[in-house]
Amino acid sequence: MMDRPLLGRYLARGCCSCSTLKAWLPILSWLPRYKLKWLQMDVLAGLTVGLTAVPQALAYAEVAGLPVQYGLYSAFMGGFIYTLLGTSKDVTLGPTAIMSLLCFSVVGGRPHQAVLLSLLCGLIQAVMALLRLGFLLDFISFPVIKGFTCAAAITIGFGQVKNLLGLQDIPHEFFLQVYYTFYKIPEARIGDVVLGLLCLALLVMLMVMKSSLGSDDAPVYSRVARKLVWAVATMRNALVVVAASFIAFSWDAYGHHVFTITGKTSQGLPPFRPPPTSDTTANGTVITFGEIVEGFGGGLAVIPFMGLLESIAIAKAFASQNDYRIDANQELLAIGVTNILGSFVSAYPVTGSFGRTAVNSQTGVCTPAGGIVTSVIVLLSLAFLMPAFYYIPKASLAAVIICAVAPMVDYRVVAKMWRIRKLDLLPFFVTFLMSFWQVQYGIIGGVAVSGALLLYNTARPQIKVSDHGVLLIELGSGLSFPATEYLSHIIHTQALQASPPRSVVLDCHHVSIIDYSVISELQDLLRQFKLRHVCLVFSRLKPSVLDVLQAADLQDFRYTDRVEAALQQAESGNLLSD
């Protein structure tokens, strides 16, 4: 089913058939079989993920440069939409560190533009799903992804050092941020530093405890203790933020303002309204829709692609781990619709979250319905807890973000690429270094370098030349039009310009496709061989390639099924010419 276009499925099966409805709404596949046991596990998983999602959403809004409530505005729509349209039981959609950084790099912390960006990204993603353009994601190579995520993690993590130290008026541009952070260290607030380091130490301790838990093959009391530790460690973000908020409230109640706190936030649920199509600057200048889109620039291409790439990679990973399959095209549609409808509730672009998806899976979620519970937790927080968020110390949110992004800095991958293929380090470092300048430029630069390497390999395929009385030329990969000039150069230098000229056997067993440019070059080569009274023999042609060559009606075209027969035929051609 995954390999057939959605439109084709629609036409082939009829617009009202049960299978078509299930293809468009995967909820119809599992809802009729829903069990009470599944409900218990989904509610438990939804609650656990919700307690993780709320503090992370508040923290990621800081990364995006937006008021903290925008993180919560972005965290609930995905649960409802993905339950209807998603094909993975584990994936949770919402704000993530990378998408928040990309959003900030494009809109610079302007809420109206961030909401409009969500709408446009969703439209692009939904159209890509309907047109089955997801294959374009395959052109973003692993070194580019790793280079980007490492640079993004460093950028995000270091960007929170100012909040950990309680520093003010630090520029957002990375290199200036590094300079002014160190320059203003003497201005650090002791309260923020102490609280931030305590939060950081507690979070790291709980992460280590969770990762070092023993096996289930233990006495009952050990299993109970293990589950208790796992529950506390899983909810560590919420527990740390609540504890830090209580400490800040206590000091503030006694008139000691020793912490930098979040401050006043908008209370209540966001209104459901169309996203703004214009914006107004601080001095009252109106920015039109066209000017906003022009300002988005390359980010309007990068953000939808990275959102899709991140979410589908997560969905595939957990589908493989838990032994089920996903429909990649349907996943694109789910993300696109989430971003479109999210823009109507003031959300900025979202995607799948690896951390929250891992929590969802480990808690034993059975269906995507767990996302509904998570979304309800977020909505309840918006409705009733916003006044309490006033006292959340920024240092505690900074600690949450730093711990979330630290595992993304995968330094071991550099050593692996060095051992396996050193050339892959080139797009990795181009992406990594350029991302510190502008995040979207890093991705674009990395993709460009990867594309250039791919095109070079296509234009310069591996060609093995051996001497068997006649020359045997074996193509190590396919033959496409960029490689024809290179092949022609080798044949000319090794055979036609030799003294005397030599016959050639062209072993084509790796060639699976051929085009008009290749045919034209081969026609010229056959003519050159005939003029020099030597021959060019093709061997081990695939049937599809042989059909094309025969249809081209090449003069003096010879072929055999085996290399040995081709060598004999070429040798006999030499003898006849002698």
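**Exercise 1. The contact of α4 with α19**

In this predicted model, determine which residues of α4 meet which residues of α19, and describe how the two helices are oriented.

*Solution.* Begin with the residues themselves: on the α4 side the contact is made by Asp42, Val43, Gly46, Leu47, Val49, Gly50, Ala53 and Val54, and these meet Gly370, Val373, Thr374, Ile377, Val378 and Ser381 of α19. Sorted by class, this contact comprises 8 nonpolar, 5 polar and 1 charged residues. Next, take the geometry: α4, which covers residues 36-63, and α19, which covers residues 370-385, pack at an angle of about 40°, and their axes are 7 Å apart. Angles under 35 degrees would count as roughly parallel, and the roughly perpendicular range is 65 to 115, so α4 and α19 are oblique to each other. Finally, the crossing in which α4 passes α19 is right-handed.

**Exercise 2. The contact of α4 with α20**

At what angle does α4 pack against α20, and which residues of the two helices meet?

*Solution.* The angle between α4 and α20 (residues 394-405) is about 95°, with the axes 9 Å apart. Because of this angle, α4 is roughly perpendicular to α20. In the second step, list the partners: Pro55, Gln56, Leu58, Ala59, Tyr60, Glu62 and Val63 of α4 are in contact with Lys394, Leu397, Val400, Ile401 and Ala404 of α20. The class division for this contact is 9 nonpolar, 1 polar and 2 charged residues.

**Exercise 3. Enclosed cavities**

How many cavities of 30 Å³ or more does the structure hold, and what lines the largest and the second largest of them?

*Solution.* The structure holds 4 such cavities of 30 Å³ or more. Turn first to the largest cavity, whose volume is about 140 Å³. Its lining is formed by 18 residues, of which Ala75, Gly79, Thr92, Leu93 and Thr374 are the closest to its centre. Two or more residues of this lining come from each of α4, α6 (77-85), β1 (93-94) and α19, and the largest share, 4 residues, is that of α6. Thr374, listed here among the residues closest to the centre, also belongs to the α19 side of the contact with α4. The lining of the largest cavity divides into 9 nonpolar, 8 polar and 1 charged residues.

The second largest cavity holds about 50 Å³ of space. The residues that line this cavity are Leu479, Leu506, Cys508, Val511, Ile514, Leu522, Phe538, Leu541, Val545 and Leu549. By class, the lining of the second largest cavity has 10 nonpolar residues, with no polar and no charged ones.

**Exercise 4. Open pockets**

Which residues are the closest to the centre of the largest pocket, and which are the closest to the centre of the second largest pocket?

*Solution.* The largest pocket contains about 1,300 Å³ of space. Among the 36 residues lining it, Phe354, Gly355, Ala404, Pro407 and Met408 are the closest to its centre; Ala404 is also one of the α20 residues that meet α4. The class counts for the lining of the largest pocket are 21 nonpolar, 10 polar and 5 charged residues.

The second largest pocket has a volume of about 660 Å³. It is lined by 28 residues, and Val63, Phe104, Lys162, His172 and Gln177 are the closest to its centre. Elements supplying at least two lining residues each are α4, α7 (97-107), α9 (142-159), α10 (161-165) and α11 (174-183). Val63 of α4 takes part in the contact with α20 as well. The lining of the second largest pocket divides into 11 nonpolar, 12 polar and 5 charged residues.

**Exercise 5. Backbone features in two loops**

Is the peptide bond from serine 499 to proline 500 cis or trans, and what is the phi of histidine 533?

*Solution.* Start from the general expectation that most peptide bonds are trans and that most residues other than glycine have a negative phi. The bond from serine 499 to proline 500 is cis, its omega being near 0°, and proline 500 is placed in the loop between α24 (484-496) and β7 (504-507). Histidine 533, although not a glycine, has a positive phi of about 60°; this histidine 533 lies in the loop between α25 (516-531) and β8 (536-539).

Conventions:
Residues numbered from 1 in each chain as written. Predicted model: local features only at pLDDT ≥ 70, side-chain atom pairs only at ≥ 80, totals over all residues. Heavy atoms only, no water. Axes fitted to C-alpha atoms, helices over the stretch in contact; angles between N-to-C directions. Parallel < 35°, antiparallel > 145°, perpendicular 65-115°, else oblique. Left-handed = near helix turned anticlockwise from the far one by under 90°. Contact = heavy atoms within 4.5 Å. Nonpolar A, V, L, I, M, F, W, Y, C, P; charged D, E, K, R; others polar. 1 Å grid on protein atoms, 1.4 Å probe; cavity = no way out; pocket = protein on both sides within 12 Å on 5 of 7 lines; lining within 4 Å. Points joined across faces, edges and corners; volume = space filled by probe spheres on them.
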